[in-house]
Amino acid sequence: MADTSDTRTPAQIEADIRARRAVLAETLDEIGVRVHPKTIVGDAKAKVVANVDHTLGKAYVQVNRVVTDVRAQFVDEDGAARLERVVPVALVVVGVVGLLALSTRRRKS
């Protein structure tokens with residue numbers, strides 16, 4: 001059988017009980033703060049903001065890659081424009097803008 005004798009004095013036992021009550025009171029206060037509706041809403045908002053920041057960061061990296069790839073198509077290593085690629089694209093853009101201008105002009109008449 002286990003020895004159940006306690007060699008502590010009643011004052012020591014009371015001190016242990018007071019210390020344990022203080023720890024339990026602190027724990028209950030923490031639980032009260034955690035389950036408070038404002039804390040829950042604040043935590044949810046923080047998670048959303050973190051997810052949005054992460055998503056925007058990934059989107060920024062992706063856009064930056066695309067811009068770098070497109071720029072590499074129209075600029076050589078020295079930074080000079082590649083006219084064999086720029087001129088056809090410019091002509092297509094001018095043609096599309098011209099067609100849009102003509103189509104809006106015809107609708108007004």
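1. Just 1% of the chain's 109 residues count as buried, where buried means under 20% relative accessible area, exposed over 50% and partly exposed in between, with a 1.4 Å probe and protein chains only. Keep in mind that this is a predicted model: local features need pLDDT of at least 70, side-chain atom pairs count only at pLDDT 80 or more, and totals for chains, interfaces and linings use all residues. Residues are numbered from 1 along each chain as its sequence is written, and side-chain values use heavy atoms, with hydrogens and water left out.

2. On overall dimensions: the radius of gyration is 36 Å, against near 13 Å for a compact globule of 109 residues (taken over C-alpha atoms; the globule rule is 2.2 Å times the number of residues to the power 0.38). The C-alpha trace spans about 100 × 45 × 25 Å along its principal axes.

3. Secondary structure is three helices and zero strands, in the order α-α-α. Helices (H or I, at least four residues) and strands (E, at least two) are DSSP runs, numbered from the N terminus.

4. As for surface, about 10,100 Å² is exposed, and carbon and sulfur atoms supply 64% of that (Shrake-Rupley method, 1.4 Å probe; for residues, only the protein chains shown count as cover).

5. Have a look at I40, which sits in helix α2 (residues 37-74). I40 counts as partly exposed because its relative accessibility is 46%.
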